[in-house]
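Please load the model in your viewer and keep the selection panel at hand. The stops below go from the whole chain to single residues.

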Amino acid sequence: MQRSVLVCVCAAAAVLGGARAGRHDAYSSSAVFGVQLRNTSDLELLHNLELNLDLDMWQYGMPQVRDAMVMVPPHARGKFLSALDKEGVSHYMHVENVTQALETHDEDIARWKSSRAPRLIFQDYMRYADINAEMERIAGRHPNLVTLVNAGKSFEGRDIKYLKISTTNFEDHSKPIYFMEAMIHAREWVTTPVAMYSVYRLVENRRSQDQDLLDDIDWIILPLVNPDGYETASGVRQDRPTRLLTPPASEWTAIELRRSHGVGTPTNPCAITYAGARPFSEPETGYVRDILAEHKDRVQIFMDIHSHGNYVLFAYGDGTLPPNALPIFLVGSAMGAAMDAMKLPQAGFYRVGNSATVLYSTSGSAQDYGQVAGAAMSYTLELPGYGYGFLVPPSYQDHINEETWQGIAVTARLSRQLYRDRYSAANTQR
Ligand SMILES: [Zn+2]
């Protein structure tokens with residue numbers, strides 16, 4: 001099995017905007033089906049249906065553990081259901097009317113915005129301009145700690161900015177770097193608030209017990225990788241034609257990755273899993289590549305934050321493992337356990353492992369690219385969906401932020417020691 005893009009249940013561009021009549025009409029008669037997977041054959045069947053019928057996976061299932069959720073347009077419904085029935089695969093209606101679910105989500109957001117004031121920025125689904133303004137404000141207020149960097153323009157000309165947080169201006173190479181990025185996939189709205197909350201906890205709301213995270217580690221936080229997708233104003237949440245204008249920043253496949261970690265990405269640019277014309281064909285992915293290259297030997301953790309499904313995943317997408325897979329697994333497991341300790345009852349437990357083993361084979365993921373590009377430990381984090389898929393009501397955001405921050409802190413501390421060991425060994429050899 002080969003999947004393009006990333007294991008997370010996402011690929012298309014999204015829209016963030018006010019409710020208006022008919023904006024989700026493109027999904028009228030689309031439904032989301034739950035599929036109960038018995039074994040890997042069922043998984044394979046579903047994967048083939050996904051590719052052949054160009055279906056949109058809302059959640060990748062695990063046999064006997066977690067049902068898959070698949071959005072099926074009306075013209076594909078007959079073929080989809082008969083293929084499942086023919087093989088005796090159980091299925092059920094999960095969301096009967098996607099348009100209505102999207103409208104309900106809009107209403108949730110509107111209600112949330114009107115019901116709470118004043119709000120901190122990470123307690124809401126904020127707009128691109130608000131995120132940039134907040135980063136500018138934080139950098140301006142903490143000039144000795146925070147540097148705002150403009151990486152460059154997006155495909156549509158929006159600035160892509162990130163924050164560097166360091167007590168030593170990134171000049172102390174005995175410190176590891178923690179590189180966190182969010183919102184490659186534009187419909188995963190819960191991810192950017194987590195990145196902004198991490199900034200808050202490191203800079204403006206630092207607790208005494210967390211001082212070591214600032215003293216010992218340098219941080220790079222890129223909260224919005226794909227602003228075009230996030231800001232698309234077409235009024236269609238997962239509009240495929242606009243995906244080409246608002247790429248999901250999905251093509252990470254360096255030439256060496258293509259050679260050693262497989263291909264298999266669809267070449268039809270209208271396919272949901274289309275990954276781009278060529279490696280790094282989108283400027284957004286190029287900026288992340290450049291950050292990794294700039295700090296090649298110091299990035300201890302590369303955390304690529306997605307939604308949803310409660311997963312901590314690591315390389316490689318073809319099922320092979322990096323040489324340090326064991327510490328990667330142990331640190332990832334500690335992260336999962338820290339987040340599970342705070343989990344809401346309606347959330348699943350975090351599953352931790354190699355992405356191909358836990359979910360599906362992939363190629364061209366940021367996680368794989370981060371690993372080969374020099375990050376000691378590269379992860380895909382899939383935040384909780386609470387059964388809402390991508391449409392998590394904003395009232396959950398506070399909890400997701402806090403829970404995830406606890407996981408991030410655990411990974412930072414554990415990997416700090418691994419970096420120190422590596423650094424001192426390298427310097428002893430000199
Ligand atoms: Zn994603």
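Begin with the entire chain and colour it by accessibility: buried residues make up 61% of the 430 residues in the protein chain, where buried means under 20% relative accessible area, exposed over 50%, and partly exposed in between, for a 1.4 Å probe and protein chains only. This is a predicted model, in which local features need pLDDT of at least 70 and side-chain atom pairs count only at pLDDT 80 or more, while totals for chains, interfaces and linings use all residues. Residues are numbered from 1 along each chain as its sequence is written, and side-chain values use heavy atoms, with hydrogens and water left out.

Switch next to a cartoon, which should show 13 helices and twelve strands; these are DSSP runs numbered from the N terminus, helices being H or I with at least four residues and strands E with at least two. If you then draw contacts (heavy atoms within 4.5 Å), 81% of those between residues at least 6 apart in sequence join residues at least 24 apart.

Now colour by pLDDT, the predictor's confidence in each residue, from 0 to 100. The mean for the protein chain is 83, and 82% of its residues reach 70 or more. Among the elements, strand 8 (residues 218-222) has the highest mean, 98, and helix 8 (residues 255-261) the lowest, 31. Select residues 1-20, where the pLDDT is below 50 and where the model has 114 contacts beyond near neighbours in sequence. Residues 233-274 also have pLDDT below 50, with 142 such contacts in the model.

For the next stop, select Gln-59, Arg-66, Gln-346, Gly-348 and Gly-387, which are the closest to the centre of the largest pocket among the 20 residues that line it. A pocket here is an open set of points, on a 1 Å grid over the protein atoms alone, where a 1.4 Å probe fits, with protein on both sides within 12 Å along at least five of seven lines, and lining residues have an atom within 4 Å of a point. The volume of this pocket is about 300 Å³, taken as the space filled by probe spheres set on the points, which are joined across faces, edges and corners. Its lining draws at least three residues from each of domain 1 (29-96) and domain 2 (117-429), the bounds coming from an automatic or database domain assignment.

Move on to Glu-87, in the loop between helix 2 (74-86) and strand 4 (91-95). Glu-87 is partly exposed, with a relative accessible area of 44%, and touches Arg-38 and Leu-45, not counting residues up to four places away in sequence. Measure from Glu-87 to Asp-42 as well: they are 45 residues apart in sequence and 8.3 Å apart in space, C-alpha to C-alpha.

The last stops concern the backbone. Which peptide bond is cis, with omega near 20 degrees? That bond runs from Ser-307 to His-308, and His-308 sits in the loop between strand 9 (299-307) and strand 10 (311-314). The bond from Ala-315 to Tyr-316 is cis too, with omega near -5 degrees, and Tyr-316 is in the loop between strand 10 and helix 10 (325-340).

Finally, select Gln-64, a residue other than glycine whose phi is positive, near 70 degrees, and Met-183, also not a glycine, with a positive phi of about 65 degrees. Gln-64 counts as exposed at 66% relative accessibility, whereas Met-183 is buried, at 0% relative accessible area.
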